[in-house]
Amino acid sequence: MTTSEYPSLVWHLKNTELLAELEPDELERLATVTSLRTYHAGEVIYRMDDPADALYLVCSGMVKICKLFPNGKEAILGVVGTQGSFGELLLRPGECRPTQAEALETTRLIALPQAELQRLISLRPELALKLVGMLADRLFEAQHWCATVSAYSAGERVASLLARLGRQFGVKHPQGTELNVKLNQEDLARMIGATRETVSHSLHKLRREGAIVRQRSPFILNLEALEAYVDASAR
């Protein structure tokens, strides 16, 4: 992990959803107590049981949030990309991280200390409303995914996951939508609660049906076909 110097930090702070409305002098002050950090692929940002002492804002790159279990298994709870945030669920004094955060690729993050976030909220109550909105979006997404896991087969969960990631992180491609995330089949399996073999079989099936053009990263997806595949199974 490396830390960037101050001059570019104000610009990065201004270009975050949470802090975009702050005045220039507030951003200048904030830049003196925050840091812009760079993490490389595979580098851990925080581990389970570390102090929950900062909110992280993603300037560029991608981070996976996961939970590790005593039996050695890992569940990937989600990925966070540019302009996203993470680490905000437990920001009370004395709390510890229930998850681990790891960079999937070279990633630049702003670390906003807990005490500074609390100070800002006390001065700017509208920031609290923004933060609540961000948490509400995260909760809705988690509830939706829990329902998907309960209601659909593993193959349908693969299709639903790829469609969601494609809508969130995909870019236009001559053959559909390109999803360039550093997730392999084992990672996808950890996200949907299945085996790698099941994911591999599901990807082959989706490709035969025209919902996937390329079945490894960078994926080439037909989002409409993926969503139609999931919708058809619900009927």
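**A walk through the predicted model**

The end C-alpha atoms of residues 152-225 lie 17 Å apart, and this span is 54% helix and 18% strand. The model is a predicted one, and the same stretch, residues 152-225, carries the feature "domain: HTH crp-type" in an unreviewed UniProt entry.

Within that stretch, one may begin with the strands. Four of them form an open sheet in the order β10-β11-β13-β12, with antiparallel pairing. At its edges stand β10 (171-173) and β12 (212-214), each of which pairs on one side only, and neighbouring strands of this sheet are turned by 35° against each other on average, direction ignored. Strands of a sheet pair, in general, through backbone hydrogen bonds, and the pairing can be parallel or antiparallel.

The individual pairings of this sheet can be followed from β10 inward. β10 and β11 form a hairpin with two residues between them, and the two strands pair in the antiparallel sense over three bridges. Lys-172 stands opposite Thr-177 in β11, while Thr-177 in turn stands opposite Leu-221 in β13. That second pairing, between strand β11 (residues 176-179) and strand β13 (residues 219-221), is likewise antiparallel and runs over three bridges. Helix α5 (residues 154-169) lies across β10, β11, β12 and β13, and its direction makes about 85° with that of β11.

A further open sheet of four strands has the order β3-β8-β5-β6, and here too the pairing is antiparallel. Its edge strands are β3 (44-46) and β6 (74-80), each pairing on one side only, and its neighbouring strands are turned by 30° against each other on average, direction ignored. Strand β5 (residues 63-68) and strand β8 (residues 100-103) run antiparallel and are joined by four bridges; among the residues involved, Cys-66 has Gln-100 in β8 as its bridge partner. On this sheet packs helix α6 (residues 185-192), which touches β5 and β6 and runs at about 95° to β6.

How is helix α6 placed with respect to the rest of the structure? Six of the eight residues of α6 are buried, so the helix is largely enclosed by the rest of the structure. The buried residues of α6 are Gln-185, Asp-187, Leu-188, Ala-189, Met-191 and Ile-192. The elements that cover these buried residues include β5, β6, α4, α5, α7 (196-208) and β13. The cover thus draws on both of the sheets described above, because β5 and β6 belong to the sheet ordered β3-β8-β5-β6, and β13 belongs to the sheet ordered β10-β11-β13-β12.Helix packing can also be followed between α3 and α4. Two packed helices are described by the angle between their axes and the distance between the axes. The axes of helix α3 (residues 114-123) and helix α4 (residues 125-151) come within 5 Å and cross at roughly 115°. On the α3 side the contact is made by Leu-117, Leu-120, Ile-121 and Leu-123, and on the α4 side by Pro-125, Leu-127, Ala-128 and Leu-131. These residues divide into eight nonpolar, no polar and no charged.

The cysteines deserve a separate look. A disulfide is a covalent bond between the sulfur atoms of two cysteines. Why does the structure hold zero disulfides? The sulfur of Cys-66 is 17 Å from the closest cysteine sulfur, that of Cys-96, which is too far for a bond, given that a disulfide requires sulfur atoms within 2.5 Å. Seen from Cys-96, the closest cysteine sulfur is that of Cys-66, at 17 Å and again too far for a bond. The surroundings of the two residues can be set side by side: Cys-66 counts as buried because its relative accessibility is 0%, whereas Cys-96, at 37% relative accessibility, counts as partly exposed.

Towards the N terminus, Pro-24 lies in helix α2 (residues 24-31). Is this proline buried or exposed? Pro-24 counts as exposed, because its relative accessibility is 55% and the cut-off for that class is over 50%. Pro-24 and Val-10 are 14 residues apart in sequence, and their C-alpha atoms are 8.4 Å apart in space.

Technical notes: Residues numbered from 1 in each chain as written. Predicted model: local features only at pLDDT ≥ 70, side-chain atom pairs only at ≥ 80, totals over all residues. Heavy atoms only, no water. Pairing = 2+ DSSP bridges. Axes fitted to C-alpha atoms, helices over the stretch in contact; angles between N-to-C directions. Contact = heavy atoms within 4.5 Å. Nonpolar A, V, L, I, M, F, W, Y, C, P; charged D, E, K, R; others polar. Buried < 20%, exposed > 50% of the residue type's maximum accessible area, 1.4 Å probe, protein only. UniProt positions renumbered as here; feature names shortened; annotations may be inferred.
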